[in-house]
Every structure is written in structure tokens, then in C-alpha cells.
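User: I should like to learn how the features of a protein model are read, one after another. Please give the general idea each time and then the case at hand.

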Amino acid sequence: MTTLHDRLNELADDVPASGATGDLDADLWKRGKRLQRRRQVASASFAAVLVLAVGSLATVVVDATSGPELPAADADTTLALPDELYLASPWANGTEETGPIGPLAALVGAERRTFWGDSTLGVTGVTPTGDYAFLDLESRAETYDVDPGVKLSADGERVAYLLTGETDEEANTFRGDPVVGLAVLDTVTGTTTEQRIPTDHGLEVDDFTWIGDTLVMRYSQYLTFEEGSSTSTRPVLLRWNLKTGAADAGLPRSSYPDLFESAPAGDRVVVTTGRRTFVIVSADGETEPGPRLDVATDSPVFLSPDGRRLATNKDPDGPHTVSNLAGPVVVGPATGAGAGTTRKVEPVVIEQQEDGETMTGSVSSVSSVEAAVVGWRDNDHLVVAAGDGYEVIDVTDVTLGFTEPLVTLPQAYGMQPQVAADALQAPTFAAAEPDGPGDPRRILWLGGGLLVTLAGAAFWRFRVRL
């Protein structure tokens, strides 16, 4: 039987000689130092990975959750016009986060996305400093119509939109959300005012128009509906004065001329009533006839700020042909001798050479055949939409024809960009593309990657210590 004493003696016999013991001590020392260096490298690498991962995560969090600081809304803010409009980030803040941002220089449709991936058509407001925020339009009716049902007032201080809500009976949803009236967002105060119209099945809205502080909407009541067809009452009008709050629903259609594609003229609008005739309409429905034109037009007629000049597009192909192209731009006096007598404007583009010298030359993108009148810059300069898709707004000297770009528009997303009428006469500035915020879902992606990285680094450090 082997005793403890015997085993201790066997271990003592296995001890190497004194020389070998020295070599063993030296080898053990080297192995210990190597292990210590490996552990130091592993610790430093682990710390570096941790710092890099946390720093990257912090950068993404800041990028995904922060946006530009928007200026506070102020009714005394002077409108300014960005020289280019952009599509905002789908994750840009809404006015519920930013607060009121008006008055607005423009409205631009853009994709709006949520953290969970839902996508909707949003409307961004563009401030006079070139900042963007989605307008949180409470109970906005989203329909399948080409017109999104959103209108910016001339001064940029109000946004009118179609209102949805409950109907008295089954709602007609074939064209989207049932419409039950109008709502207006005050872009300066942030308050929303509603004008609801009692309805059984919803309203069929033909159009609505700003006339100064007053909204006029033409609508019908749905009577019956089934897949692909519906019946409705004869159109009537809603007149809503936002300044006084007075509203009259059910006015006869004859109270106003057809306001479709009317042109703003101060606190009134200009409405074409025939191929050569137009009237100037006040908010209360009173009309003032304009001079008879010497050319036929199928476009709105625009009056200069002083009311002494008019501009429109001549009908390019007669009353029995519909064309997507605007006809030649014509201008003429609106008052006095010769009122209504027009002449064609031939735009001449001003170009800048690399050496800074100015030269002129005609460019097809702003030819008189492809430019649609959209307003006046001042009494001597006309504003036109040019290009194949009207993606540029130009300003043209109606006397000399000199033309230069005013605003570059983005590709339409769900709605044509709208520029406040008063902003067309405001000073311009170089507008930078809006900066973010980025996709907030990157927090999850990077967070998951961070966990995997940390787990791998921890496992590596554990193996090193073995």
C-alpha cells in the first residue's frame, strides 16, 4: 500500500538538478511575461473596440434624433425665397416636435416614414431660412385625387386642407377618407381651426380657393354610392372668413364665378370667364370686369402688383384641342388706352461665364412655348415656370426679355410644390440642402452589431486569459 510518505519521496526524486532548475525558472519567467503582454494587448483592444462602438452608436443616435434648430414662428418675419427647394428627409421632425415655424415660403410634398417602417405622403413646410418640417395637419383627409387638398395662403401664414371625420351614416370611402369640411393650420400660432359641414356620407369637393383671408369651397353631398359610381347633389359653396370666423355653407354656386385656377391679386383673385374675358373677384363675391383680351387664352390671367399690366399664356392650339404645353407668354396693359392688347414675350437667358463675364443667349428650356406664367416679381418682371416638367421658376424682364433662374423645384412627390404668392416678390438666398436627420433604425442595427462585437471581444479576452 502506497502511503503519503512514499508519494512525497517520489515527488522529491523527480525534482531536476540545480542547473536545470535555473533554466526552468528562466523559462517560466519568459512565459509569464508573454502571458502578461497578451493580456495587456487584449485589454487594450477590448477597450478600443468598446470606445469605437460606443462612439459610433452615439454618433448615430445624435444623427437620427436631432435636426436643425428651427427659428421660432413670428408674424413679423419677412418672407424670403430659397433659390432651390428640396425633398426633406423622411424622418424630419414634425411641427408637433418643432412647434410653429411660419410664415412659410413654400410647401413641398415628401415621403414621411415612421420608426417601424410605415410610409405616408407628408407635406413639409419651408421656412424663410430654408429649413424644413413636416406639417402635422390634424384629421387631414387623404384621398386618391390628383389634387392633395392642401393650399398655402398668399402670405404663407395659413395652410388650408380637407378635413376628415365621422359622417351621420355610412361614409363613402371609394376616393379615400370621407371629407366633412375644411381645416386651417395657422403656421405662426400653431392653432388649427375647423369648419365642419353636416353630411350623411361625405362631401365631394371640386376645389377650394384662398381670396385674401377668405376660403371659398365648391362641394356636393354624396347621395348614393357603389363600387365605381356615385350620385351627389348639385354643387354649392362654403364661404369662410378666417379673420372674422364667419362661415356660410350652402351658398348657391352663382354667388361666385368658377374659381378653378384663379390667380391671386392682392386680397382678390383674377378668374377667366371666357377665352378672352376675365373678372377680378372680391372675397364677398363682387366682381370687376377686366378688359377684353385680343388673344384667346386657356390659362389664368395675372395682374402686376400695381394692377396696370396683365400677363397670360396664349392658347396654342384652339378651343377644341387640349394640350399639356403652355402657349406663348403675352403681356399687355390692363388699364387705360389699349387695355387688353397684348404682345409676345421672347425670353433671353442671362448666362454667366467661368471668367465672370455675363453673356446672353436663347435657351429652349425657357422658350415662350414652354413657359407657364405663375405670377409677377414686380411691375416689370414676370415669373414663369419653365423646363420640360416645369422644374424651374424663372424671372423675365417683360421689356427686354432677359431671363434668369429664380427657384429650382424638386421632383413632385404626391403634390406639386407650392410657393407662397407673396414669396415670389421676396428676396432670394442660396439655400443649402437640408441636413438629416438620418434613419433612426440604424440605432437598432448598430446596437445589435455592438452587442455581437462586445460578445466576441469578451470571448477573445476570456480565451487569452486561459
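User: How many bridges join strand 3 and strand 4, and in which sense do they pair?

Analyst: Strands of a sheet pair through backbone hydrogen bonds, either parallel or antiparallel. Two strands count as paired if DSSP finds at least two bridges between them. Helices (H or I, at least four residues) and strands (E, at least two) are DSSP runs, numbered from the N terminus. Here strand 3 (residues 119–126) and strand 4 pair in the antiparallel sense over three bridges. Within this pairing, threonine 124 stands opposite phenylalanine 134 in strand 4.

User: On what basis are such features reported?

Analyst: This is a predicted model, in which local features need pLDDT of at least 70, side-chain atom pairs count only at pLDDT 80 or more, and totals for chains, interfaces and linings use all residues. Residues are numbered from 1 along each chain as its sequence is written, and side-chain values use heavy atoms, with hydrogens and water left out.

User: What average pLDDT does the protein have, and where is the pLDDT below 50?

Analyst: The pLDDT is the predictor's confidence in each residue, from 0 to 100. The protein averages 83, and 73% of the residues score at least 70. The pLDDT is below 50 over residues 56–65, a stretch with 18 contacts in the model beyond near neighbours in sequence. It is also below 50 over residues 362–369, where the corresponding number of contacts is 21. Contact here means heavy atoms within 4.5 Å.

User: To which sheet do strands 3 and 4 belong, and which strands are at its edges?

Analyst: They belong to an open sheet of four strands with the order 4-3-2-28 and antiparallel pairing. Its edge strands are strand 4 (132–134) and strand 28 (418–419), each of which pairs on one side only.

User: How should a nonpolar core be read, and which residues have the most contacts inside the largest one?

Analyst: In soluble globular proteins, nonpolar side chains tend to be buried together. A nonpolar core is a set of buried Ala, Val, Leu, Ile, Met, Phe, Trp, Tyr and Cys residues joined through side-chain atoms within 4.5 Å. Buried means under 20% relative accessible area, exposed over 50%, and partly exposed in between (1.4 Å probe, protein chains only). The largest core has 39 residues, and those with the most contacts inside it are Leu85, Leu107, Leu135, Val159 and Val419. Among the elements that give two or more residues to this core are strand 2 (106–113), strand 6 (158–164) and strand 27 (402–408). Strand 2 gives the most, with four residues. A second, separate core of 20 residues includes Val301, Ala311, Ala371 and Val384.

User: Which residues are in contact with leucine 85?

Analyst: Leaving aside its neighbours within four places in sequence, leucine 85 is in contact with residues including Ala106, Val126, Tyr132, Val407 and Val419.

User: Is aspartate 207 buried or exposed, and what does its side chain contact?

Analyst: Aspartate 207 lies in strand 9 (residues 203–211). It counts as buried because its relative accessibility is 14%. A polar contact is a pair of N or O atoms within 3.5 Å; within protein, one must be able to donate a hydrogen and the other to accept it, and residues adjacent in sequence count only if both atoms are side-chain atoms. One such contact, of 3.1 Å, joins the side chains of aspartate 207 and lysine 151.

User: How are strands 24, 25 and 26 arranged?

Analyst: Strand 24 (residues 372–378) and strand 25 run antiparallel and are joined by five bridges; the two form a hairpin with two residues between them. Six bridges join strand 25 to strand 26 (residues 392–397), again antiparallel. The hairpin of strand 25 and strand 26 has five residues between the strands, and glycine 387 takes a positive phi near 90 degrees in it. Alanine 385 stands opposite isoleucine 393 in strand 26. Strand 25 (residues 381–386) is mostly covered, with five of its six residues buried.

User: Where does tryptophan 376 lie, and what is its bridge partner in strand 25?

Analyst: Tryptophan 376 is placed in strand 24, and its bridge partner in strand 25 is leucine 382. At 4% relative accessibility, tryptophan 376 counts as buried. A polar atom of its side chain lies 3.2 Å from the backbone oxygen of phenylalanine 302.
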